[in-house]
Amino acid sequence: MLHILRHSPSSTVFDNCLESIDDSSHLLLIEDAVYAVVKLEPRLAELKTQGRVSVLASDLVARGLNTDNSWQVDYSGFVKLTGLHCPSFTW
């Protein structure tokens, strides 16, 4: 499953999403969820190490944030993720 998370890291929705991710899931951070790259918490760091989390590059740029390119995706990458991880759920 692809979990598309748009809520900020301070939101309970953010925590609920992370709690629901299983070993076969992938997480895509969009909109205000990209603020999570500023302070990479352990659950996200583990997913990053496993290659199971991505961040939408345009939302990073829109918020003046920067991170290494290894986990950034563009809109084409977003589409590819939705095809690879069916179904998807937006939080």
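Is H3 buried or exposed, and what is its relative accessible area? Select H3 in this predicted model and the answer is that H3 is buried, with a relative accessible area of 3%, a value that falls under the 20% cut-off used for that word.

**Around H3**

Keep H3 selected and note that it is found in strand 1. Leaving aside neighbours within four places in sequence, the residues in contact with H3 are C17, S20, I21, S25, H26, L27, L28, F89 and W91. Among these, S25 deserves a distance label, since the side chains of H3 and S25 are joined by a polar contact of 3.4 Å.

**The sheet**

Now widen the selection to the strands, where five of them form an open sheet in the order 4-3-2-1-5, with parallel pairing. At the edges are strand 4 (72-73) and strand 5 (88-90), each of which pairs on one side only. As background, the strands of a sheet pair through backbone hydrogen bonds, in either a parallel or an antiparallel manner.

Colour strand 1 and strand 2 next: they pair in the parallel sense over four bridges, and in strand 2 the bridge partner of I4 is L28. Moving on to strand 2 (residues 26-29) and strand 3 (residues 53-56), you find that three bridges join these two strands, which run parallel, and that L29 has V55 as its bridge partner in strand 3.

Showing the side chains of strand 1 adds a further detail, because L2 and I4 point one way from the strand whereas H3 and L5 point the other way, and all are buried. In a regular strand, the side chains alternate between the two faces of the sheet.

**Helix 1**

Select residues 12-20, which make up helix 1; this helix lies across strand 1 (2-5) and strand 2, and runs at about 170° to strand 1. Which residues of helix 1 are buried? They are F14, C17 and L18; seen down the axis of helix 1, these buried residues fall within an arc of 95°, so they line one face of the helix. A general point is worth recalling here: an α-helix has 3.6 residues a turn, so residues three or four places apart point the same way.

Rotate to the face of helix 1 turned away from its buried side, and there you will find the exposed residues T12 and E19. On the buried side, what covers the buried residues of helix 1 includes strand 1, strand 2 and helix 2 (42-49). Before leaving, select S11, which caps the N-terminal end of helix 1 with a side-chain oxygen that lies 3.0 Å from the backbone nitrogen of V13.

**L56 in strand 3**

Select L56, which is found in strand 3 and is buried, with a relative accessible area of 2%. Not counting residues up to four places away in sequence, L56 touches L28, L29, I30, V34, V73, D74, Y75 and F78. If you draw a C-alpha to C-alpha distance from L56 to A33, you should read 9.7 Å in space for two residues that are 23 residues apart in sequence.

**T67 and its surroundings**

Continue to T67, whose place is in the loop between helix 3 (57-62) and strand 4. T67 is buried, with a relative accessible area of 15%, and its side chain makes a polar contact of 2.9 Å with the side chain of W71. Not counting residues up to four places away in sequence, T67 touches V37, V55, L60 and Q72.

**An aromatic pair**

How are the rings of F89 and W91 arranged? Their centres are 5.0 Å apart and their planes are at 75°, so the pair is edge-to-face. F89 itself is partly exposed, with a relative accessible area of 40%, and both F89 and W91 are among the contacts of H3.

**Two backbone details**

Finish with the backbone, selecting first C86 and P87, where the peptide bond from C86 to P87 is cis, with omega near -5°; P87 is found in the loop between helix 4 (75-84) and strand 5. The last selection is E31, whose place is in the loop between strand 2 and helix 2. E31 has a positive phi of about 45° although it is not a glycine, and E31 is partly exposed, with a relative accessible area of 34%.

Methods: Residues numbered from 1 in each chain as written. Predicted model: local features only at pLDDT ≥ 70, side-chain atom pairs only at ≥ 80, totals over all residues. Heavy atoms only, no water. Pairing = 2+ DSSP bridges. Contact = heavy atoms within 4.5 Å. Axes fitted to C-alpha atoms, helices over the stretch in contact; angles between N-to-C directions. Buried < 20%, exposed > 50% of the residue type's maximum accessible area, 1.4 Å probe, protein only. Arc of directions from axis to C-beta. Polar contact = N/O pair within 3.5 Å; in protein donor to acceptor, adjacent residues only side chain to side chain. Phe/Tyr/Trp six-rings, centres within 6.5 Å; stacked < 30°, edge-to-face > 60°.
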